[in-house]
Amino acid sequence: MKKLFFFIAFVSSYLYTNGQKVTGCGFKVPPRSLLKTNFQSVYEAKQIINNMKDTIHWTENFSVKEQNGIRNAYATIINKIRWIIYDNNFLEDIDAYASTKWASISVLAHEMGHHYYNHTISGSGSTPPKEIEADAFSGYVMQKLGATLNESVAAITAIASDRASATHPAKRDRVAAITKGWNQAKTEGTGNTGPGNTGGGTSGGNTGGNTGGNTGNTGGNTGGGNTGNLPPADDASWISLTVQSTKDEKVLLSDDGKNYQAADIKAGEAFIFRFEIYEYGWLKLPYFNGYRTFKLMHGKDYSILWNRRTKNWTVVEVPN
């Protein structure tokens, strides 16, 4: 029953941010608009989705359902059939709010991305890594459909939440993911066979093929392999973490903000690592009331220091 609850929450729940509804994919629900776009019905939605599949040469079969009044669009699986369910008024309002017809199309591409990466079969609900992958997929498909980068990020820019949460990333990270997918598609040009792991995540297994991701692993860290020819210790894009202690210390690292992995930081030695999913991740340290969480960025060096006044560990960025 608990698993079923989380599955339902993934496809249809609302969050609330400052009194405003937010969909399960982290989209703020725009106000109703008197303006009407050319987005008319389930038939057009199905045609758009089929066009997306044809563009990336993906043969997965979809069912599309219009359900007005839900103020949402979501991907789900019902009786082993993949569905994208949407509110036509919701998509029209997004177009009006973002001032472009591409906004609603990018939302449909985002939901299609959840199916492409098999997010809907996990039963774990929305997570930042899943949303980032779906966003990057959206950017990839939008470029293939002929949208400009500005048109591709219009919906996210207009209706994404500014702050990250346990279920969805912050707006700036979602814009970055769409941009990454869009640029990948532009670099590939024509003749591609579908996007790989454009978000850099780990939930692949789609029928279109997942060629992304990193293969290396250094020092038991949570991240992936070296992206260049330099060793990790000399590659400025990696994270260097040291601890000001006379003994080895254990910390907790996470690339999705939910699942943490223990890592041993040896006294006097730098721990060099990368995160897989984002260009950043989370570090958790013991604190007087439990744990304190810090955000670490790729391309930065950090030092863990003991604060003798508060009797707690803290993290500082090492200046360049």
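**Helix packing and a few odd residues**

Tutor: In this predicted model, the axes of α5 and helix α8 (residues 171–188) come within 7 Å and cross at roughly 40°.

Student: OK, so what do you call that arrangement of α5 and α8: parallel or oblique?

Tutor: Oblique. Roughly parallel would need an angle under 35 degrees, and these axes cross at roughly 40°, so α5 and α8 are oblique to each other.

Student: And is the crossing of α5 past α8 left-handed or right-handed?

Tutor: α5 passes α8 in a right-handed crossing.

Student: Which residues meet there, between α5 and α8?

Tutor: From α5, the set includes Glu 131, Ile 132, Asp 135, Ala 136 and Tyr 140. On the α8 side, Asp 173, Arg 174, Ala 177, Ile 178 and Trp 182 are among them.

Student: What about α4 and α5, at what angle do the axes cross?

Tutor: Roughly 125°, with the axes of helix α4 (residues 102–116) and helix α5 (residues 128–145) coming within 7 Å. That makes α4 and α5 oblique to each other too, and α4 passes α5 in a right-handed crossing. The contact includes Trp 102, Ile 105, Met 112 and Tyr 116 of α4, plus Phe 137, Val 141, Met 142 and Leu 145 of α5.

Student: Switching helices: is α3 mostly buried or exposed?

Tutor: Eight of the eleven residues of helix α3 (residues 88–98) are buried, so α3 is largely enclosed by the rest of the structure. Among the buried ones are Phe 90, Leu 91 and Ile 94, and also charged-type names you might like to check, Glu 92, Asp 93 and Asp 95.

Student: What caps the N-terminal end of α3?

Tutor: Asp 87 does that job, with a side-chain oxygen 3.0 Å from the backbone nitrogen of Asn 89. Just after α3, Ser 99 takes a positive phi of about 65°.

Student: Why flag a positive phi?

Tutor: Because most residues other than glycine have a negative phi. Two more to look at are Arg 71, with a positive phi of about 50°, and Lys 311, with one of about 60°.

Student: Where do Arg 71 and Lys 311 sit?

Tutor: Both are in loops: Arg 71 is between β3 (63–66) and β4, while Lys 311 is between β12 (301–307) and β13 (312–317).

Student: Are they buried or exposed?

Tutor: One of each. Arg 71 has a relative accessible area of 14%, under the 20% cut-off, so Arg 71 counts as buried. Lys 311 comes out at 55%, over the 50% mark, so Lys 311 is exposed.

Student: Since β4 came up, where does Ile 78 sit, and what does it touch?

Tutor: Ile 78 belongs to strand β4 (residues 73–78). Leaving aside neighbours within four places in sequence, Ile 78 is in contact with Trp 83 and Ile 85. The relative accessible area of Ile 78 is 38%, so this residue falls between the 20% and 50% cut-offs and is partly exposed.

Student: How far is the C-alpha of Ile 78 from that of Ser 63?

Tutor: 10.0 Å, with the two residues 15 apart along the chain.

Student: Now zoom out. What's in the whole chain?

Tutor: Eight helices and 13 strands. Of the 320 residues, 50% are buried. The chain exposes about 15,300 Å², and carbon and sulfur atoms supply 52% of that.

Student: And how many of the contacts join residues at least 24 apart?

Tutor: 59%, counting contacts between residues at least 6 apart in sequence.

Terms used
Residues numbered from 1 in each chain as written. Predicted model: local features only at pLDDT ≥ 70, side-chain atom pairs only at ≥ 80, totals over all residues. Heavy atoms only, no water. Helix = DSSP H or I, 4+ residues; strand = E, 2+ residues; numbered from the N terminus. Buried < 20%, exposed > 50% of the residue type's maximum accessible area, 1.4 Å probe, protein only. Contact = heavy atoms within 4.5 Å. Areas by Shrake-Rupley, 256 points an atom, 1.4 Å probe, with all protein chains shown as cover. Polar contact = N/O pair within 3.5 Å; in protein donor to acceptor, adjacent residues only side chain to side chain. Axes fitted to C-alpha atoms, helices over the stretch in contact; angles between N-to-C directions. Parallel < 35°, antiparallel > 145°, perpendicular 65-115°, else oblique. Left-handed = near helix turned anticlockwise from the far one by under 90°.
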